[in-house]
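Me: Please take one part of this model, the way its pieces pack against each other, and look at it closely. I am new to it, so explain each term as you go.

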Amino acid sequence: MFQWNERYEIGQPIIDTEHRELFAMLSRIGEDIAQDEESSDELEGALDGLLQYAEKHFHDEEQLMVEQGVDPRHLKLQQMEHQSFFYDIERLRSLTADEPMERRYERLLQFVTNWLVFHTLRTDQQLGIQLKALAAGSSAADAYDQAEQATFSVTLYRPIVQALTHLWSDAMERIHMLERRLENAEK
Ligand SMILES: [Fe+2]
């Protein structure tokens, strides 16, 4: 399981606390799956709880961006990523409906973890850079450019690449599943 680390913080107490809570919820669900004691309904409920918290968190994040006057290009990117999260997770939920319970929840949990690692360590880090630049007096456009030009430290780079690799494998697996379904439907 992915372990949250204070080096992943972006320097905004509300956002950092919510990020930490999201990963704590993920590891609690991971432990439930590993212990094999939860029913499908209980795991489904835990996943719903996590998605509800993610929705509240994304809302808080977007509100902060508007309040702080973050460049609209970044706000738009965040909104798109936040929306695609719910779309992708619902697609994966229906695609894995017939899989054995443990395999299904492991896949769902892995997807949510990798998605959140990639988003919080890349996109939200860029947000953190912009908020600091804005607080220091930069214009929104300058703050945006600073975030675009920033290079990531090894501390962030490693988990970002790992998460991306997993997300990519998962996307390939989904494509192959869909191809097989299509082939069967054509027969
Ligand atoms: Fe975000």
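**How the helices pack**

Reply: Helices α1 and α2 run roughly antiparallel to each other (an angle over 145 degrees counts as roughly antiparallel, under 35 as roughly parallel, 65 to 115 as roughly perpendicular and the rest as oblique). This is a predicted model, in which local features need pLDDT of at least 70 and side-chain atom pairs count only at pLDDT 80 or more, while totals for chains, interfaces and linings use all residues. Residues are numbered from 1 along each chain, as its sequence is written.

The two axes lie 10 Å apart and make an angle of about 170°, where an axis is a line fitted to C-alpha atoms, for helices over the stretch in contact, and angles run from 0 to 180 degrees between N-to-C directions. From α1, the residues that make this contact include Ile14, Ile15, Glu18, Leu22 and Leu26, and they meet residues of α2 that include Leu43, Leu47, Leu50, Tyr53 and Leu64; two residues are in contact if their C-beta atoms, placed from the backbone, lie within 7 Å.

Tyr53, which is found in helix α2, shows this pairing at the scale of one residue. Leaving aside its neighbours within four places in sequence, Tyr53 is in contact with Glu21, Leu22 and Met25, and each of these three is also listed on the α1 side of the helix contact. Glu21 is 32 residues from Tyr53 along the chain, yet their C-alpha atoms are separated by 8.9 Å. With 14 C-beta neighbours inside 10 Å, Tyr53 counts as partly exposed (a residue is buried with 20 or more other C-beta atoms within 10 Å of its own, exposed with 12 or fewer, and partly exposed in between).

To place this pair in the whole, the chain has 6 helices and 0 strands, these being DSSP runs numbered from the N terminus, of H or I over at least four residues for helices and of E over at least two for strands. The C-alpha atoms fill a box of roughly 60 × 40 × 30 Å, taken along the principal axes, and buried residues make up 21% of the 187 residues. Among contacts between residues at least 6 apart in sequence, 69% join residues at least 24 apart.

A further pairing is that of α3 and α4, whose axes come within 11 Å and cross at roughly 175°. That makes α3 roughly antiparallel to α4. Among the residues that meet here are His74, Phe85, Ile89 and Leu92 in α3, and Leu108, Phe111, Trp115 and Gln130 in α4.

Leu108 also belongs to the largest nonpolar core, which has 15 residues, and it is listed there with Leu26, Leu50, Leu109 and Val112 as having the most contacts inside the core; such a core is a set of buried Ala, Val, Leu, Ile, Met, Phe, Trp, Tyr and Cys residues joined through C-beta atoms within 7 Å. Helices α1 (13–35), α2 (40–68) and α4 (101–135) each supply at least two residues of the core, and its largest share, 9 residues, comes from α4. Not counting residues up to four places away in sequence, Leu108 touches Leu47, Leu92, Arg93 and Thr96. A second, separate core of 5 residues includes Ile10, Ile15, Val70 and Leu131.

Two other residues of α4 differ in their burial. Arg103 lies in this helix and is exposed, with 10 other C-beta atoms within 10 Å, whereas Asn114, also in helix α4, is buried, with 21 other C-beta atoms within 10 Å. Arg103 and Ile33 are 70 residues apart along the chain, and their C-alpha atoms are separated by 9.5 Å. Once neighbours within four places in sequence are left aside, Asn114 is in contact with Ala163, His166 and Leu167.

Helix α5 (residues 140–149) brings α3 and α4 into the picture again. Its buried residues are Ala143, Tyr144 and Ala147. Seen down the axis of α5, these fall within an arc of 100°, so they line one face of the helix (the arc is that of the directions from the helix axis to the C-beta atoms). The buried residues of α5 pack against α3 (72–95) and α4, while the face turned away from the buried side carries the exposed residues Ala141 and Gln149.
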